[in-house]
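Me: I should like to go through a model with you, one point at a time. May I begin?
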Amino acid sequence: MPVRHALIALLGLTLLAGAAHAGDLDDCNAPVPVPAVAARPAAEAYWLDARTLQWPGLKLRSGERVRLHHARAAGLRAAVGEAVSGGDGAVELVASDAVLPPRFRFIAEGPRFAVAGADVTVLLREQLLLVHEAADGSVIAATGVQLAGALDDLYAAAEQVADLGAHPARAQTRFAVWAPTAQRVLLCRHAGPESPALAADAMRFDTATGVWRAELPGDLSGQAYRYLVDVVTPTHGRVRNLVTDPYSVALTADSQRSLVADLAASALKPRGWDAAPRPDRVKAATDQVIYELHVRDFSVSDASVRPAWRGKYLAFTEASSNGMKHLKALAKAGLTDVHLLPVFDFASVPERGCKTPVVPAGAPDGEGQQAAVMAVAAGDCFNWGYDPWHFNTPEGSYATDPLKRVVEFRQMVMALHKAGLRVGMDMVYNHMSAAGQAPKSVLDRLVPGYYHRLNAKGEIERSTCCDNTATENRMMAKLMIDSAALWVREYRIDSMRFDLMGHQPREAMERLQARVNAEAGRPVQLLGEGWNFGEVANGARFVQASQLSLNGSGIGTFSDRGRDAARGGSAGEGGDDSVRRQGWLNGLVYAPNALAASNPAKPEELLTAADMIRVSLAGSLRSYELTTWRGDTQRLDHIAYGDQPAGFVAEPSEVVNYVENHDNQTLFDVNALKLPRDTSRADRARVQMLAAALVAFSQGVAYFHAGQDILRSKSMDRNSYDSGDWFNRLDWGYRTNHFGTGLPPKQDNFGQNGRDWSLARERLADRAMTPGPAEIAWARDVFRDLLEIRASTPLLRLASAAEIEKRVSFPGSGPGQNPVLVATRIDGRGLPGPRAVLTLINVSPDAQVLELPDEAGARWALHPVQRDGADARVKREARFRDGKFEVPARSAAVFVLP
């Protein structure tokens, strides 16, 4: 803490809203300090509302009492056996019989107390300690108080405030920031991004909303600003924090200052922005075919992009680049959406002066490549970006100049729309990059203890990876919803994917859905990770936006049912299990690899996997009925998937089918582990496309990882979030998939006793496993055929559960089935197009036949796309005759009945 700040705390000076003091301007120019390490005192009590407190676990004996001590200068001392000192007073509490609010159902039992005769709005701006005292006033125990319940009750009106942030206009510029626990807030203004402060303007406090405001004459667009906040923190007492605006819509380089900006100003719009058309090809959520793509991956190694634009937003405007040609070809085939990994402002990449590692030439299984990459990883130009800093501003490292981020982001959106592709964003509201007094903490330095989810001791939960946010709190939910609305309104975002969405309340997500739809004037499709874990698991704190809780909402969640059945094993496996635990696609029972052969899987495991594949093909609908290999006919929500139901959605719009995304190993790398080692390059490409066929043929939303169509490898990296460009490259020239470009980074891939590295080394060194241009081109073209089949066949993307239940069946299923050949029949009677469609996926290395005598007189024909398609084997060998469907080895075939 700077000397002046320490003196403030020491002397207990009162800083009230009012005129700026001498030295305030100096504080506006001071660097944000790295705080001294400080323990976080326990905060085991809770404000349940504006008048009621609960202390879980407290036992009171006769003659003892509980009082709420407070200190404006945050100098309280409560040592056991002594009287409380350093405070300004104590509030007497009375026992309360108030009912526990549902939002606090997770806290332990304990006495409740009512606050009487005190202004709670004033108390909340001071240091508070709830103290258990003996009859003589000595301390028995003391604890801090978690304050979200009181703030949400007292300042409920803040949820309706529509002008948080900076809003310039010709006559005046308005500033508003929610900071109800602050004792004083000043507005630090700078004439330009790098200029010293020119003013420290007093802001006034609105007691109804907790918002601090300032109105200044004239249009201040282009000025930089921050808030100077005097506030009590749990860890560092009373401090003076210099904080950027959580509602910033523009930022200086490296997010050091907020910028006043009007996003409607012509200077921030590319030419033609207002009139630019957007694709209108998604009529129902199930029409979506999504390609998940990282902005930097897209172009950083594409030599057809001008050097200054590589890895940048503007690379998408390079219409003749190899990457844009690839995206346009996918759009023509049937791709509807590009989903971008995080593109909001994140903390992990320097926006100026980031480093590029010099990676040495090395053996396919060498260690030198990863060593060079990781040596500069903390300051290089790459990160996935799941470390949010400011939600409402585009990331600056993807702009040619951080000050051009708004315009260049919009140029990217225009270019993708022009290519026929909608634009989706990966939204990360479940955690922040930093909290507490850390320099990159914004929310927690503005309203300490409010925006983050706390455990029973008052510590920030970190189950997501990082400092969890509390979207169950009114103003954190508002920030999330306002932010999503801004991206739809100001940047024309068409769809959204929510990271770890299960950590957010369903109710908040449904409000967000209504808001973005209203902003756009059309449906904005939402989907996300509905995983159920951590402190919120199983509805511990609220009804989650998770797989099992979202059915009926229309919001989609990723399905691990088909993914795990197809790939084998699970996302977190390692060691020999990552080889032994094969899946339906890569040899379970029918083509065991060496480790699997030594401990053979049971035939029942393959039958179960085949039925789980059918669950995926039926859209994972709760109500769909399937006859299983055991011979019983059950609803999908009565079929077990571990400890969960296999069917978990009410409508097909609520399931996202996929076999690969940015997390974990790519499918090619998984198959490098699980397929028998002697599997040919051509067959490895075929297995990859069988996985794509599974997604393309499944009811629901289709989701693919960028590069999945060209056999993308990360050289066996299971967690490439910080693995640099080297392990995340894409080659739109189709020469290499980057398998065998060195061992993956040791930190996440070494495994127990180095076993994972050993398994990777064996495979990376085997050049026979590395595909060449021929296999990559074949996969590329077959993938496009699959997209075209889905796009031209509405029966593969039915929009309702009722239609799926009526039309979808699985010939050849049930007892006595052939589990390596899964067929799906979709009845088209009463709809435009063919009378029926039959999809067949044969994962076996041998040809298979499905006999359906009832179809003997029908005129089934190979789908026209496949008759003229890239898969010569299917064109030559897939046929229907005399009630028999013949499917060649490791092939997917589609037949239509005119």
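Me: What caps the N-terminal end of α12?
Reply: S559 does: in this predicted model, one of its side-chain oxygens lies 3.2 Å from the backbone nitrogen of R561. Helices here are DSSP runs of H or I with at least four residues, strands are E runs of at least two, and both are numbered from the N terminus.

Me: Is α12 mostly covered or not?
Reply: Mostly covered; α12 spans residues 560–567, and eight of its eight residues are buried, meaning under 20% relative accessible area with a 1.4 Å probe, protein chains only.

Me: What covers them?
Reply: The cover includes α15 (603–617), α16 (667–674) and α17 (681–697), along with strands such as β27 (556–558).

Me: And what phi does G568 take?
Reply: G568, just after α12, has a positive phi of about 90°.

Me: Changing topic: where is D245?
Reply: D245 sits in the loop between β16 (237–243) and β17 (258–259).

Me: Which side chain of opposite charge is nearest to D245?
Reply: R213, at 11 Å; D245 is buried and has no salt bridge, that is, no Lys or Arg side-chain nitrogen within 4 Å of a carboxyl oxygen of Asp or Glu. Lys and Arg count as positive, Asp and Glu as negative, while His and the chain ends are not counted.

Me: Which residues does D245 touch?
Reply: Leaving aside residues up to four places away in sequence, D245 touches G165, A166, Y225, Y227, S258 and H390, where a contact means heavy atoms within 4.5 Å.

Me: What should I know about the numbering and thresholds?
Reply: Residues are numbered from 1 along each chain as its sequence is written, and side-chain values use heavy atoms, without hydrogens or water. Local features need pLDDT (the predictor's confidence in each residue, from 0 to 100) of at least 70, side-chain atom pairs count only at 80 or more, and totals for chains, interfaces and linings use all residues.

How values were computed:
Buried means under 20% relative accessible area, exposed over 50%, partly exposed in between (1.4 Å probe, protein chains only). A polar contact is a pair of N or O atoms within 3.5 Å; within protein, one must be able to donate a hydrogen and the other to accept it, and residues adjacent in sequence count only if both atoms are side-chain atoms.
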